[in-house]
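Student: Please show me the sequence and the structure. I would then like to work through them step by step.

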Amino acid sequence: MSKPQSSSKTKGRYERHDAYYHAAKKQGFMARSIFKLEEIDKDFSLIKPDAWVLDLGCSPGSWLQYVDSRIASSKQGGAVGVDMLPLKATFGPYIHFINADIFEVDISALTPNAAIQMPGTPLFFDVVLSDMAPNTSGIKSLDQDRSMALCEHALAIAEQILRPGGNFCVKVLEGGGMQAFVKECRRIFTDVKIRRPKGTRVASMETYVVGLKKK
Ligand SMILES: C[S@@+](CC[C@H](N)C(=O)[O-])C[C@H]1O[C@@H](n2cnc3c(N)ncnc32)[C@H](O)[C@@H]1O
């Protein structure tokens, strides 16, 4: 995956089609956010080549493209993606998609083998990712509340279906209950980190909470 180069002329300014957008497009990735997951994974070794990964809010599919590239060599892991919107990327046999609202999915049905209905797949995931974002209203407190509801639901899912030692990465909006959310993550994970990857737009309130090694 080759790195985007931002020019000094545009650094710091909001640009819809910035260096990350162009780099993603050139390399056939569905979204620029792939570089954020790559950076977080390189920092924390979230995704091992034989991992089973649950990707919440996976559309259009760039994070699944990254996961696919990480597990391709082992042919042992796999991923299940969930989103209300359809995927735009196409995948081989290791990536499975559930077209649903996560608030309407029965969590107990979200083990790899329930989702894939294939004997021999594990009961627990090694990694839960959530890049879910609500439709924004422009009202800061409302958007923060909606985003936090998604984060809390992702954490509830991770608590139930991650194996002990598993990892979690979730997008949050700064402010709006983030401190309490990080505290709750500390109850569940041995180590909790906060990362704002380089690809995050300057004006964005987005950051990522990373829970390592589920207790
Ligand atoms: C920023 S996009 C994710 C981009 C994705 N990580 C990628 O790399 O292609 C956020 C996604 O969250 C999804 N989403 C928001 N609320 C959701 C919900 N309740 N259930 C399922 N997906 C949801 C949206 O449909 C949207 O596709």
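Student: As what does Gly177 count, given its C-beta neighbours inside 10 Å?
Tutor: A residue is buried if 20 or more other C-beta atoms, placed from the backbone, lie within 10 Å of its own, exposed if 12 or fewer, and partly exposed in between. Gly177 has 17 C-beta neighbours inside 10 Å, so it counts as partly exposed.

Student: What kind of model is this?
Tutor: Residues are numbered from 1 along each chain as its sequence is written. Local features need pLDDT of at least 70, side-chain atom pairs count only at pLDDT 80 or more, and totals for chains, interfaces and linings use all residues, since this is a predicted model.

Student: In which loop is Gly177 found?
Tutor: Helices (H or I, at least four residues) and strands (E, at least two) are DSSP runs, numbered from the N terminus. Gly177 and Gln144 are 33 residues apart in sequence and 8.2 Å apart in space, C-alpha to C-alpha. The loop that holds Gly177 is the one between β5 and α6.

Student: How far does helix α5 reach from its first C-alpha to its last?
Tutor: Helix α5 covers residues 140-161, which is 22 residues. The expected span of a helix is 1.5 Å times one less than its number of residues. For α5 that expectation is 32 Å, and the model is close to it, with a reach of 32 Å.

Student: Why are the buried residues of α5 on the same side?
Tutor: The buried residues of α5 are Ser147, Leu150, Cys151, Ala154, Leu155, Ile157, Ala158 and Ile161. They lie on the same side of α5 because the arc they cover around the axis is only 160 degrees. That arc is taken from the directions from the helix axis to the C-beta atoms. An α-helix has 3.6 residues a turn, so residues three or four places apart point the same way.

Student: What covers the buried residues of α5?
Tutor: Contact here means that the C-beta atoms of two residues, placed from the backbone, lie within 7 Å. By that criterion, the cover includes β1 (52-56), β4 (125-130), β5 (162-173) and α6 (178-188).

Student: Which helix supplies the largest share of the largest nonpolar core?
Tutor: A nonpolar core is a set of buried Ala, Val, Leu, Ile, Met, Phe, Trp, Tyr and Cys residues joined through C-beta atoms within 7 Å. The largest one has 52 residues, and those with the most contacts inside it are Val53, Val128, Ala154 and Val170. Its largest share, 7 residues, comes from α5.

Student: Which residues does Val128 touch?
Tutor: Val128 is among the residues with the most contacts inside the core. Leaving aside residues up to four places away in sequence, Val128 touches Leu54, Ala154, Ile157, Ala158, Leu162 and Phe168.

Student: How many of the residues of α3 are buried?
Tutor: Helix α3 (62-71) is one of the elements that supply at least two residues of the shell around the ligand. Its buried residues are Ser62, Trp63, Leu64, Gln65, Tyr66, Val67, Arg70 and Ile71. They pack against α1 (19-26), α2, β1, β2, β3 (95-99) and β4. The helix is mostly covered, the buried count being 8 of its 10 residues.

Student: Which residues around the ligand are the closest?
Tutor: A residue is near the ligand if its C-beta atom, placed from the backbone, lies within 6 Å of it. The ligand is surrounded by 23 residues, and the closest are Gly57, Ser59, Ser62, Ile102 and Asp131.

Student: How many residues of each class has the shell around the ligand?
Tutor: Ala, Val, Leu, Ile, Met, Phe, Trp, Tyr, Cys and Pro count as nonpolar, Asp, Glu, Lys and Arg as charged, and the others, Gly among them, as polar. By class, the shell holds 15 nonpolar, 5 polar and 3 charged residues.

Student: What is omega of the peptide bond from Ser59 to Pro60?
Tutor: Most residues other than glycine have a negative phi, and most peptide bonds are trans. Pro60 is in the loop between β1 and α3. The bond from Ser59 to Pro60 is cis, with omega near 5 degrees.

Student: What is phi of Ser45?
Tutor: Ser45 is in the loop between α2 (34-44) and β1. It has 9 C-beta neighbours inside 10 Å and therefore counts as exposed. Ser45 is not a glycine, yet its phi is positive, near 50 degrees.

Student: In which strand does Lys213 lie?
Tutor: Lys213 has a positive phi of about 55 degrees although it is not a glycine. With 13 C-beta neighbours inside 10 Å, Lys213 counts as partly exposed. Its strand, residues 206-214, is β7.
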